Amino acid sequence: RKDFLSLTPGKFWLYPDLWPVNFKNFRDDLLVKLALPSDQLLKYNINKREFWILDDTRNPTLSYKDRASSLVTLKALQLGITEIAAASTGNAGSSLAGICARLDLKARVYVPKNIPEAKRIQIEAYGAKLIIVDGDYDKAFDVCLEESKKNNWYNRNTAYNPLTIEGKKSAAYDIFISSQGNIPDVIFVPVGDGVIISGIYKGFKELLALGWIDKLPKLIAIQSTGSDSLFRYLNTGKFEYKPANTIADSISAGAPRNLYMAADVVKESKGFAIVVTDEEILSAQTEFIMQTGILSEPSSASVYAAYKKLLSTDMLNSSVSILLLITGNGLKDIATLR
């Protein structure tokens with residue numbers, strides 16, 4: 001534990017035994033291209049209440065999705081694969097495109113027709129092959145899966161490829177190292193497909209199994225009222241498909257591909273789900289950016305909106321330590337900022 005806490009955050013290859021990838025054949029100069037900022041854990045005091053932020057807006061392609069893309073691409077290199085496909089509302093696609101560009105791999109990205117322009121441009125700028133699907137994210141996911149199987153491409157689709165959950169657990173280790181083992185009591189997580197929250201849980205579950213923490217943090221799942229499948233499932237025990245429609249495109253998923261695991265981890269961490277409206281998200285985005293100086297996209301602003309909503313309740317009394325997961329940069333959705 002002591003040795004682990006002396007590691008540099010953002011360099012997941014420094015603890016190779018915790019990953020299903022063989023790092024022995026990768027040179028240091030290749031791995032360093034995947035490093036995340038080492039100073040992501042930031043403390044704020046706003047309106048006389050202290051909380052932590054994990055700031056993933058400064059990652060290589062400006063989103064949390066780089067955690068998953070890095071592990072997927074390294075696995076592809078290990079297996080001798082040179083082309084990877086993925087469906088995305090924008091961040092996973094730009095992440096795959098950017099990381100592939102760093103590692104000299106080819107990327108094919110399937111996106112819905114309503115993808116924010118800034119994210120589309122980012123994907124194309126990295127040189128990925130962009131396929132715009134006439135439909136929503138759920139349709140893009142299915143088309144990508146079908147064509148990947150037909151053409152024998154390696155597929156990065158979130159939740160479909162288990163390495164996406166493995167990669168996203170790295171945030172738990174970064175939080176553990178950066179806080180010197182003093183992990184927060186409660187973590188607010190934006191939820192679309194449910195892979196980030198499942199990955200975070202997996203990381204903390206492993207730290208618990210190692211005996212390095214004595215309890216799991218409570219995970220609060222944040223969704224928009226226009227894309228609330230997990231919230232509804234936790235309340236009714238049934239999944240009912242509804243087309244997603246929210247300004248927070250990064251958490252827009254009518255058929256979350258990791259719904260059941262996400263529901264399980266919320267329950268096992270003794271957490272819960274909460275929904276916020278698009279109006280609350282936009283208001284929170286404005287306030288959050290001005291108060292923190294961190295340019296967050298709407299999905300991350302949903303976390304701050306939920307935090308504000310619960311602040312006056314007993315769930316967040318002054319003795320509870322809180323962390324907000326900020327997963328994407330506001331420059332990825334200029335229209336919303338405008």
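A residue counts as buried under 20% relative accessible area, as exposed over 50%, and as partly exposed in between. All views show a predicted model.

**View 1. A salt bridge joins Glu166 and Lys202.** The closest N and O atoms of Glu166 and Lys202 are 2.7 Å apart. The pair links distant parts of the chain, with Glu166 in helix H7 (residues 163-168) and Lys202 in helix H9, 36 residues apart. Lys202 has a relative accessible area of 27%, which falls between the 20% and 50% limits, so Lys202 is partly exposed. Glu166 has 12% relative accessibility, which is under 20%, so Glu166 counts as buried. The bridge therefore pairs a buried Glu166 with a partly exposed Lys202.

**View 2. Lys308 and Glu287 form a salt bridge between two helices.** The closest N and O atoms of this pair lie 2.7 Å apart. Lys308 sits in helix H13 (residues 298-310) and Glu287 in helix H12 (residues 278-292), so the bridge ties together parts that are 21 residues apart in sequence. Lys308 has 36% relative accessibility and counts as partly exposed. Elsewhere, salt bridges that share partners join Glu166, Lys169, Lys202 and Glu206 into one network.

**View 3. A salt bridge connects the side chains of Arg257 and Asp138.** The N to O distance is 4.0 Å. Arg257 lies in the loop between H10 and H11, and Asp138 lies in helix H6 (residues 137-151), so the pair ties together parts that are 119 residues apart in sequence. Are the two partners buried or exposed? Arg257 is partly exposed, at a relative accessible area of 29%. Asp138 counts as buried, at 7% relative accessibility. The whole structure holds 22 salt bridges.

**View 4. The largest cavity encloses about 270 Å³ of space.** The lining has 28 residues, and the closest to the cavity centre are Lys65, Lys168, Gly192, Asp193 and Ser250. Which helices supply at least two lining residues each? Helix H4 (91-103) and helix H9 (195-209) do. H9 gives the largest share, three residues. By class, the lining divides into 11 nonpolar, 11 polar and six charged residues. The search of the whole structure finds four cavities of 30 Å³ or more.

**View 5. The second largest cavity has a volume of about 40 Å³.** Its lining consists of Val186, Lys218, Ile220, Phe272, Leu310, Met315 and Leu316. Six of these residues are nonpolar, none is polar and one is charged. Lys counts as charged, so Lys218 is the charged member of this lining.

**View 6. The largest pocket has a volume of about 240 Å³.** It is lined by 17 residues, of which Pro112, Asn114, Thr246, Asp249 and Ser252 are the closest to its centre. How many lining residues fall in each class? There are six nonpolar, seven polar and four charged residues. Rolling a probe the size of a water molecule over the atoms shows where empty space is left.

**View 7. Phe239, Tyr241 and Tyr260 make a nonpolar surface patch.** The patch covers about 310 Å². Tyr241 belongs to the loop between helix H10 (229-236) and helix H11 (259-268). Patch residues need over 30% relative accessible area, and Tyr241 has 40%, so Tyr241 meets that cut-off. Tyr241 is classed as partly exposed.

**View 8. Leu96 is a buried residue of helix H4.** The relative accessible area of Leu96 is 0%. Glu83 is 13 residues away from Leu96 along the chain, and 11 Å separates their C-alpha atoms.

**View 9. Gly10 is a buried loop residue.** Gly10 lies between helix H1 (2-5) and helix H2 (28-31). Its relative accessibility is 4%, under the 20% limit, so Gly10 counts as buried. How far apart are Gly10 and Asp214 in sequence and in space? They are 204 residues apart in sequence and 23 Å apart in space, C-alpha to C-alpha.

Terms used:
Residues numbered from 1 in each chain as written. Predicted model: local features only at pLDDT ≥ 70, side-chain atom pairs only at ≥ 80, totals over all residues. Heavy atoms only, no water. Patch = residues over 30% accessible without salt bridge, like charges linked within 9 Å, V, L, I, M, F, W, Y side chains within 5 Å. Areas by Shrake-Rupley, 256 points an atom, 1.4 Å probe, with all protein chains shown as cover. Helix = DSSP H or I, 4+ residues; strand = E, 2+ residues; numbered from the N terminus. Buried < 20%, exposed > 50% of the residue type's maximum accessible area, 1.4 Å probe, protein only. 1 Å grid on protein atoms, 1.4 Å probe; cavity = no way out; pocket = protein on both sides within 12 Å on 5 of 7 lines; lining within 4 Å. Points joined across faces, edges and corners; volume = space filled by probe spheres on them.
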